[in-house]
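Have the model open in your viewer, with the sequence panel alongside. We will go from stop to stop, selecting a few residues each time and looking at what is there.

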Amino acid sequence: MPHATASWLVDNTALSFTQIADFCGLHILEVQAMADDLAGAKYTGRDPVHSGELTHEEIERGQADPSYSLKMQKAPVDVSRTKGPRYTPVSKRQDKPDGIAWILRNHPEISDAQIGRLIGTTRNTINAIRERSHWNIANIQPKDPVTLGLCSQRELDAAVAKAAKRVAAAEPAAEGEEMVETAAPSAPRDDKQELIAELRREREEAAKAAAEAAQEAEAEAWLTAKRAAEEQGEG
């Protein structure tokens, strides 16, 4: 419950927004919004000292040095759903389409399954926004899901990194397939591939014929010039 912990730290300590954001795994703008009461939902504070994640000494150390990174004393006990979509507070559900549109525009490499886990939405909604067939498409404005509070910056960065790794792994495989097709044009997969292979052969034969014609013309010109020089010498 990072948001609830961050809310408690904002209200009960003098730690910097950066320290709180780093400790809770949130974006600094999320912490800023909590401090300014701009968050879409008011979180009930969760005391990390009571749960054993922090000590008063560690908090005092952080308050004395704004550059100090808080160290967790005990890993929090996660209470998470193992099945079903990600839970989003009712007050933020209207922001989901904006967050989905932002990801589709800025990170098209992220899969629909990843978007679903990040935002807590369905494939049908994602496709409707991508194809601009969503019932409210005229009012959807792409907005960073982190600033909307739909996911944390750490979660978004992890999804982007995972998607980039998947794309990078797929590229060599695609190049290998292309090399195989080029090496064996005699066995096209369909009529289109057969036509492409035939055009490629015709182009190669035309280029070869043009090169041979140029060589013959050059040889003939050289022979003509040589004969002319010999005739002048005899004269």
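Start by selecting Glu58 and Arg61, which sit 3 residues apart in helix 4 (residues 56-64) and so are separated by about one helical turn. Helices here are DSSP runs (H or I, at least four residues) and strands likewise (E, at least two), numbered from the N terminus. An α-helix has 3.6 residues a turn, so residues three or four places apart point the same way. Show the side chains of Glu58 and Arg61 and you will find them joined in a salt bridge, 2.5 Å from N to O. The term salt bridge means a side-chain nitrogen of Lys or Arg within 4 Å of a carboxyl oxygen of Asp or Glu. Glu58 is buried at 3% relative accessible area, while Arg61 is partly exposed at 42%. Buried stands for under 20% relative accessible area, exposed for over 50%, and partly exposed for in between (1.4 Å probe, protein chains only).

A word on what you are viewing: this is a predicted model, in which local features need pLDDT of at least 70 and side-chain atom pairs count only at pLDDT 80 or more, whereas totals for chains, interfaces and linings use all residues. Residues are numbered from 1 along each chain as its sequence is written, and side-chain values use heavy atoms, leaving out hydrogens and water.

How many salt bridges does a search of the whole structure find? The search finds 3, so let's visit the others, starting with Arg46 and Glu53. Arg46 pairs with Glu53, their closest N and O atoms being 2.6 Å apart, and both Arg46 and Glu53 are buried.

Now select Asp112 and Arg130, whose side chains meet in a salt bridge of 2.6 Å, N to O. This pair links distant parts of the chain, with Asp112 in helix 6 (residues 112-120) and Arg130 in helix 7 (residues 123-130), 18 residues apart. Asp112 is buried at 16% relative accessible area; Arg130 is partly exposed at 41%.

Next, select Lys96, in helix 5 (residues 96-106). Which side chain of opposite charge is nearest to Lys96? That is Asp95, 11 Å away, and Lys96 has no salt bridge although Lys96 is buried. For charge, Lys and Arg count as positive and Asp and Glu as negative, with His and the chain ends not counted. What you can show instead is the backbone oxygen of Gly120, 2.4 Å from a polar atom of the Lys96 side chain.

Keep helix 5 in view and colour its buried residues: 9 of its 11 are buried, among them Ile100, Trp102 and Leu104.

From there, move to the largest nonpolar core, which has 21 residues; Ile100, Ile103, Ile110, Ile115, Leu118, Ile119 and Leu156 have the most contacts inside it. Helix 5, helix 6, helix 7 and helix 8 (153-183) each supply at least two residues of this core, and helix 5 gives the largest share, 5 residues. Apart from this core lies another, of 17 residues, including Ala21, Cys24, Leu26 and Tyr68. A nonpolar core is a set of buried Ala, Val, Leu, Ile, Met, Phe, Trp, Tyr and Cys residues joined through side-chain atoms within 4.5 Å.

For a last selection, pick Ala33 in helix 3 (residues 28-35). Ala33 is buried, with 18% relative accessible area. Draw a distance from its C-alpha atom to that of Thr147, 114 residues away along the chain, and it reads 8.8 Å.

Finally, zoom out: the protein chain has 9 helices and 0 strands. Of its 235 residues, 31% count as buried.

Technical notes: A polar contact is a pair of N or O atoms within 3.5 Å; within protein, one must be able to donate a hydrogen and the other to accept it, and residues adjacent in sequence count only if both atoms are side-chain atoms.
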